[in-house]
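Here are a few exercises to work through with the model open. Try each task before you read its solution.

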Amino acid sequence: MTDRHTKPDVREGAMPAPERQPPAALLPGRVAPRSEAAAPAFVARPAPADTRPRVLLAEDDRISANVVRHRLERDGMAVTTVSDGKATLDALSDERLDAALLSASLPGVDGLEVLRRVRAGETDRPELGVGVILWPGNDRLVARAYDLDADDVIVRPFSLIAVSAGVRRLTRRRSL
């Protein structure tokens with residue numbers, strides 16, 4: 001009877017498994033022969049271009065900004081987040097931006113003033129797709145946003161799925 005902790009007897013005529021040896025080239029102090037036609041093992045290639053839509057999110061409420069940014073990134077967009085109007089105007093100089101989502105209540109320069117400046121050509125991107133986020137109950141701000149040529153107006157509380165779909169539409173709208 002064999003104990004399960006002991007090796008079983010090798011039968012007569014059975015060949016034991018060969019011991020595995022690393023190739024000679026991998027042993028210390030040995031160099032593998034190299035043929036002239038051998039290709040390098042790794043070829044350096046340039047990193048693929050980032051083709052994700054690039055979105056500027058201007059939101060002064062940090063929690064809302066994080067939640068919306070997370071959803072947009074989860075849906076395949078590259079998001080730059082700013083929290084005031086001056087930083088928004090500075091960020092709009094990025095020619096790689098595909099869309100902007102602006103809170104109307106930004107400190108300093110509010111989102112509607114940023115939108116007015118964008119559409120008036122005071123920034124480098126008058127054709128940029130722009131959405132505006134508003135608090136409910138102020139229909140005059142909604143009308144003003146549309147009068148300033150906002151591509152979309154989003155009234156809180158909003159569905160993150162709907163916001164993401166609207167932003168994807170904004171990234172395509174101005175490129176047509």
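**Exercise 1. Is arginine 119 buried or exposed, and where does its salt-bridge partner sit?**

Start with the accessible area: arginine 119 comes out at 18% relative accessible area, so this residue is buried (buried is under 20%, exposed over 50%, partly exposed in between, with a 1.4 Å probe and protein chains only). A word on the ground rules: this is a predicted model, where local features need pLDDT of at least 70 and side-chain atom pairs count only at pLDDT 80 or more, while totals for chains, interfaces and linings use all residues. Residues are numbered from 1 along each chain as its sequence is written, and side-chain values use heavy atoms, with hydrogens and water left out.

Next, find the partner. Arginine 119 meets aspartate 149 in a salt bridge, 3.5 Å from N to O (the cut-off is a side-chain nitrogen of Lys or Arg within 4 Å of a carboxyl oxygen of Asp or Glu). The two are 30 residues apart and link distant parts of the chain: arginine 119 belongs to helix α3, aspartate 149 to the loop between α4 and β5. Helices here are DSSP runs of H or I with at least four residues, strands are E runs of at least two, and both are numbered from the N terminus. Unlike a buried residue, aspartate 149 is partly exposed at 38%.

**Exercise 2. Which residues does the salt-bridge network join?**

Take one pair to begin with: arginine 117 and glutamate 113 form a salt bridge at 3.0 Å, N to O. Both sit in helix α3 (residues 111-119), and they are four residues apart, so about one helical turn separates them. Now follow the shared partners, and you get one network of Glu113, Arg116, Arg117 and Glu122. For the overall tally, the structure has 13 salt bridges.

**Exercise 3. In what order do the strands of the sheet run, and which are at the edges?**

Step along the open sheet and you'll read β2-β1-β3-β4-β5, five strands with parallel pairing (a pair needs at least two DSSP bridges). β2 (78-82) and β5 (152-155) are the edge strands, each pairing on one side only. From one strand to the next, the twist averages 20 degrees.

Then add the helices. α1 (residues 62-74) packs on the sheet and touches β1, β2 and β3 (99-103), with its direction at about 165 degrees to that of β2. Contact means heavy atoms within 4.5 Å; axes are lines fitted to C-alpha atoms, for helices over the stretch in contact, and angles run from 0 to 180 degrees between N-to-C directions. α4 (residues 139-147) lies across β4 (129-134) and β5, at about 160 degrees to β5.

**Exercise 4. Which residues touch the most other members of the largest nonpolar core?**

Look among its 24 residues, and the answer is Leu92 and Val132. (A nonpolar core is a set of buried Ala, Val, Leu, Ile, Met, Phe, Trp, Tyr and Cys residues joined through side-chain atoms within 4.5 Å.) Then sort by element: β1, α2 (85-91), β3, α3 and β4 each give two or more residues, and α3 gives the most, with four.

Finally, check valine 132 itself. Leaving aside neighbours within four places in sequence, its contacts include Leu112, Leu115, Ala145 and Val153. Apart from the largest core lies another, of twelve residues, among them Leu72 and Met77.
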